[in-house]
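Notebook open, coffee poured. I want to go through this one chain by chain and jot down what I look up.

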Amino acid sequence: MIALPAPKPEILARRDAILADLARLLPADSVIGETLRLRPYETDGLAAYRQIPLAVVLPRTTAEVAAVLRYCHANGIRVVPRGAGTSLSGGALPLADAVVIGLMRMNTIREINYEDRYAIVGAGVTNIGITKAVEGDGFFYAPDPSSQLACMIGGNVMMNSGGAHCLKYGVTANNLLGVTFVTIEGEVIEIGGTHLDAAGYDWLGLITGSEGQLGLVTEVTVRILRGPEGARAMLAAFSSVEIAGAAVDAIIGSGIIPVALEFMDRPCIHACEAFAHAGYPLDAEAMLIIEVEGSVAEQDMLLDRIRGICAKFDPISMKVAESAEQSAAIWKGRKGAFGAVGRISPDYLCMDGTIPTGELPHVLKRISEMSAQYGLGVANVFHAGDGNLHPLIMFDANDPDSFRRAEAFGADILKLCVEVGGCLTGEHGVGVEKRDLMTTQFTRAELTLQRAIKSAFDPEWLLNTAKVFPLDDNPKIAA
Amino acid sequence: MSVISPETEQSLASAVARAHAAREPLAIEGRGTKRAMLRPTLQPWGPAARTLSTRNLTGITLYRPTELMIRARAGTPIPEIEAALAEHGQQIVAEPPDLRVLFGAEEPSTLGGVVSTNLSGPRRIMWGAMRDHVLGISAVTGEGEIFRSGGRVLKNVTGLDLCKLLSGAHGTLGIITEIALKVLPAGEATGTLALRVPDVTAGVAALSAGLGSPYGVSGAALVLEEGGITAFLRLEDFSESVTYRLGRLREDLAAHGEQSLVEDPRALWRSIRDAVPLRAAPEEAVWRLSVAPSHAAGVVASLRAAFPAKLLLDWGGGLIWVAGPATVQAHGAVMQAATAAAGTFTLFRAPPELAAAVPVLPEEALPLAAIGRRVKAVLDPAGVLNPGRLRA
């Protein structure tokens, strides 16, 4: 288990007074203090870790967020920002002495502008909510994390979320114009705006993906894009992961950038097929889902070319969707992959390392060897075009030894990702989960530098304490 | 003025460490193409001041076409990188401008130069800015410490994103020594639709209609000439797609103005990228404003009311290049227009007397400026890196 810092006894002792103060600062029904009602906030998408917070506040406005931060700063109280609580890395895991600031009530879309192609939305608007608001006019918000039905744009900004379509459209950072940023002192700062590329330092870029370490974001100006005329997917199944990897290289090398290029290995194909009945080939060792966009004629042209490329790699089977419905069926298995694995195993850990795509066969072979060594199953599903792996390690949370082995297995996979030139996390964030592995990717000096930049925003280290940076060697936090 | 041009990252770091210890300011540059951009750095320090150049840190260190990644040392000239990419049908996504003509420079920009200034060309509107494609950097702090951020893979959210912080910081927060860049295939074909429009409002409306279409417009510019105003919309894709999409775009935009197809679209977009149609005279100041495109017509009107402004609009009308008299009054009009449009400005090129006398960028909100000073103190505690480059 990953260690959390000792709560500040003086804060715990003042719990009732703090709750009373918060209740005075905010409208009625905005502060939660009873244990039973705090329970839903004790964990996030990394459910193996749980901690009831000191209090939860649910502000409705930026001014209320600022008031809470100003109060917490003045009183040395730790703060944990939270969107929908879907973080897979424990980014929203509370601390016993922390106030959780839940942003889900800031769920208003303030402006949609098609002429200038942006939308201004509250941090608590869901990712899919933005697309739903503009799709009737043919527009969409591009980053599409798997949790998009639930996850909120404020969390997406904080984690710099990706998704299956970011090979073409980029991740959250590439689709933002501005944010309303609130510092730990409670200062409200407008960063960026409705235009591109603010002059001066790129604070927007630094804040995006900062995992709540620098401040809170209460409102976000996103770019919205006009959707393509249409999109269609195909499947290609291969007899080995090496061959499938070579096919991916050949597609990218041909000058085609599919809007999505997803890879599943045999265990994942089987789990998804049992769950979704998508017609996946059960005799394959690896399968690609490839999606292209454009008019029907353009889709045909691109899918023909891709089929021609895949044909050179002796595919076991290929299936091109003939309709939007068939495309949806192909995607159904992939989109439900995590749930499908959840059906065949009591619990799973979802890893998120990225590797140079050329290292794919080597890394998958090593993961398979580790699986045998740890005695735990693993299913691989990932974004093949950009090398972002999602090995799903299957374990049983009721068996402490199984959980210990799963964590060790996951850590070994991530170390391997770094070793071959990749990184610990492609889109889920470091959170608490990968915090102690940061020393495998960064030198002590580099971590010290990053910590110093955090300190420039949050000198007392009150913001999302104990995430991202290892506790040891950190004078600001006693473990 | 002496120039230090280290040949390794280590010797560059040592040179910075010495400057830090001696509290001696350094002007940071690649090949000095954009030396005249923003504010003059070393003037106040006189002849003893020194320039640190990355011009000898050159060479592509890793290029993996199928991984859509190229890595090169900061001093590598852009044309060298473009040539290597072209061999595999790929390109630098953000299409950085070649500003030799605008700045009267002899030498081409370096990779470090275009990343440090976050300069993007017409393709920015669809495919993102230079900073959006920086996957990883190696850099040296103002104390002479080497550090890395990011990596060489396409998706990476591990730790704070110092790549973005240093991109566009004009060398004031660290000296970038090596850069890994995401690259993409160049479109097989390029096609461009030209529309004669009556005024800026109508021109921006045509560009917005094109950018709001499903056809993937990758360039949307407005060229203002004596003879009239032309809106240009670019498509880059496989040839079949370009032909098809140009046809659809012509139908969709039929009401926006008299149409024609551009014969040599690549040359046209190179000239727009490099701000050639701006026709800035050597003695004139050049500004860049970034606004939401629907504000462009208002900005243009207020600038024209203030001084004889030469104009070029890119990014769907959101990027406004302006050339005009290098006076405090003209600059005041630009600042006012940017503020009124809730946008941003840079005094891109000006005689040193003007650049030193006025803010060349908008002032930051006080709490943000305070954070900025603390971040600067972390990365360059003695303030030796490009002092005065962005602000007095």
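First a term I will lean on: by contact I mean heavy atoms within 4.5 Å. This is a predicted model, in which local features need pLDDT of at least 70 and side-chain atom pairs count only at pLDDT 80 or more, while totals for chains, interfaces and linings use all residues. Residues are numbered from 1 along each chain as its sequence is written, chains are lettered from A and ligands numbered from 1 in the order in which they are written, and side-chain values use heavy atoms, with hydrogens and water left out.

**Entry 1, chain B overall.** I looked at contacts in chain B between residues at least 6 apart in sequence, and 74% of them join residues at least 24 apart. I then went to secondary structure and found 13 helices and 17 strands in chain B. These are DSSP runs numbered from the N terminus, helices being H or I with at least four residues and strands E with at least two.

I checked the radius of gyration, which is taken over C-alpha atoms and compared with a globule rule of 2.2 Å times the number of residues to the power 0.38. Chain B has 21 Å, which agrees with the value near 21 Å for a compact globule of 392 residues. Along the principal axes, its C-alpha atoms fill a box of roughly 65 × 50 × 40 Å.

How much of chain B counts as buried? I get 63% of the 392 residues, where buried is under 20% relative accessible area, exposed over 50% and partly exposed in between, using a 1.4 Å probe and protein chains only. Chain B exposes about 13,600 Å², with carbon and sulfur atoms supplying 52%; the areas are Shrake-Rupley values with a 1.4 Å probe, and for residues only the protein chains shown count as cover.

**Entry 2, domains of chain B.** The bounds come from an automatic or database domain assignment. For chain B I noted domain 1 (1-186), domain 2 (189-273) and domain 3 (276-357). The C-alpha centres of domain 1 and domain 3 of chain B lie 26 Å apart, and 15 residues of domain 1 are in contact with 15 residues of domain 3.

**Entry 3, one residue in chain B.** I picked Ala338(B), which sits in helix 11 (residues 328-340). Is Ala338(B) buried or exposed? It is buried, as its relative accessible area is 1%. Leaving out residues up to four places away in sequence, Ala338(B) touches Leu289(B), Gly343(B), Thr344(B) and Phe345(B). I also took the C-alpha separation from Ala338(B) to Gly298(B), 40 residues apart along the chain, and got 10.0 Å.

**Entry 4, chain A.** Here I count 17 helices and 18 strands. The radius of gyration of chain A is 23 Å, close to the 23 Å from the globule rule for 479 residues, so chain A is as compact as a globular protein of that length. Buried residues make up 63% of those 479.

The assignment splits chain A into domain 1 (9-102), domain 2 (109-226), domain 3 (231-337) and domain 4 (345-435). Domain 2 and domain 4 of chain A have C-alpha centres separated by 28 Å. Their contact takes 8 residues from domain 2 and 8 residues from domain 4.
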